[in-house]
Amino acid sequence: MTAQSETQAITSPRHVQDLMTLLRGRRSVRHYQERPVARALVEQLVEAARWSPSPHGRQPWRFVVLSSLKNKMVLAERMGETWQRNLAMDGQDAAIVNIRMEKSRKRILQAPVIIIPCLYMEDMDHYPDEQRQADERIMAIQSIGAAIQNMLLMAYDLGLDGGWMCAPLFCPEVVCDALKLDTRLSPQALITIGYAAADPKRRERLPLDSLVLYLDEDFA
Ligand SMILES: Cc1cc2nc3c(=O)[nH]c(=O)nc-3n(C[C@H](O)[C@H](O)[C@H](O)COP(=O)(O)O)c2cc1C
């Protein structure tokens with residue numbers, strides 16, 4: 001999809017009254033206006049994340065927020081090196097690799113705010129066996145997904161939009177090193193936040209009846 005096929009975005013606070021309208025309205029945005037985002041709004045996003053469900057209520061997440069061109073450049077550069085190596089390993093054509101790299105770099109540099117949700121396992125349970133330890137980690141990661149969704153919904157309600165990029169997941173140590181983060185943090189995603197440049201085309205959803213298996217019919 002190109003920016004030309006998108007329509008002019010509405011970026012005033014939406015304050016959606018009806019939850020289903022909010023859930024259906026949230027969308028992934030990949031092009032933003034240059035307009036900066038107020039810190040108070042970013043705080044509301046993190047506040048929304050804070051109220052997400054988490055395993056044992058331990059809140060195994062921390063959120064790194066950055067907005068300077070300097071930090072965005074360092075991040076894009078360092079993550080780009082890893083991605084370039086991975087794409088080359090996949091045998092991707094060098095010209096296509098360059099186009100994809102440039103697109104991703106622009107997405108990071110042009111986003112007014114970037115939030116990096118990180119896994120923080122210190123307060124979680126620790127098990128002697130590998131299997132339960134791995135399961136504990138999965139639970140924590142699942143809850144980060146819930147926290148991210150809370151942030152994205154809050155962003156949409158405030159007239160902002162967000163975009164989810166998975167890149168940090170493939171190089172958490174590189175992200176920590178690039179941004180000089182505590183190495184107990186494991187970056188899981190990169191969420192771009194800003195005012196949409198245009199309304200993106202939405203992805204279709206699978207029909208409801210293809211997603212659900214009702215084993216019983218004992219309902220009111
Ligand atoms: C775990 C996860 C990883 C994602 N990674 C990316 C990504 O790296 N780049 C991207 O453009 N979108 C990414 N997305 C966004 C999806 O492409 C998007 O949510 C999906 O196409 C549905 O569109 P919608 O969010 O507008 O409803 C990711 C979403 C999730 C949940």
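The paragraphs below lead from the overall fold of this predicted model to one of its strands and then to the surroundings of its ligand.

The protein chain contains 6 helices and 7 strands, and, read from the N terminus on, these elements follow one another in the order β-α-α-β-α-α-β-α-β-α-β-β-β. The chain has a radius of gyration of 19 Å, which is close to the 17 Å that the globule rule gives for 220 residues, so it is as compact as a globular protein of that length. Along its principal axes, the C-alpha trace spans about 55 × 50 × 40 Å. Of the 220 residues, 27% count as buried, and among the contacts between residues at least 6 apart in sequence, 82% join residues at least 24 apart.

A useful place to look next is strand 3, which comprises residues 113–120 and is mostly covered, with 7 of its 8 residues buried. Strand 3 runs antiparallel to strand 2 (residues 61–66), to which it is joined by 6 bridges, and in this pairing Val64 stands opposite Ile116. Strand 3 is also joined by 3 bridges to strand 6 (residues 190–194), again in an antiparallel arrangement, with Ile115 opposite Ile191. A further 3 bridges join strand 3 to strand 5 (residues 185–187), and these two strands likewise run antiparallel; here Tyr120 of strand 3 stands opposite Leu185 of strand 5.

Finally, the ligand is surrounded by Arg27, Ser28, Arg30, Trp164, Met165, Cys166, Arg202 and Arg203. By character, this shell of residues divides into 3 nonpolar, 1 polar and 4 charged.

Conventions: Residues are numbered from 1 along each chain as its sequence is written. This is a predicted model: local features need pLDDT of at least 70, side-chain atom pairs count only at pLDDT 80 or more; totals for chains, interfaces and linings use all residues. A residue is near a molecule or strand if its C-beta atom, placed from the backbone, lies within 6 Å of it. Ala, Val, Leu, Ile, Met, Phe, Trp, Tyr, Cys and Pro count as nonpolar, Asp, Glu, Lys and Arg as charged, and the others, Gly among them, as polar. Helices (H or I, at least four residues) and strands (E, at least two) are DSSP runs, numbered from the N terminus. The radius of gyration is taken over C-alpha atoms; the globule rule is 2.2 Å times the number of residues to the power 0.38. A residue is buried if 20 or more other C-beta atoms lie within 10 Å of its own, exposed if 12 or fewer, and partly exposed in between; C-beta atoms are placed from the backbone. Two residues are in contact if their C-beta atoms, placed from the backbone, lie within 7 Å. Two strands pair if DSSP finds at least two bridges between them.
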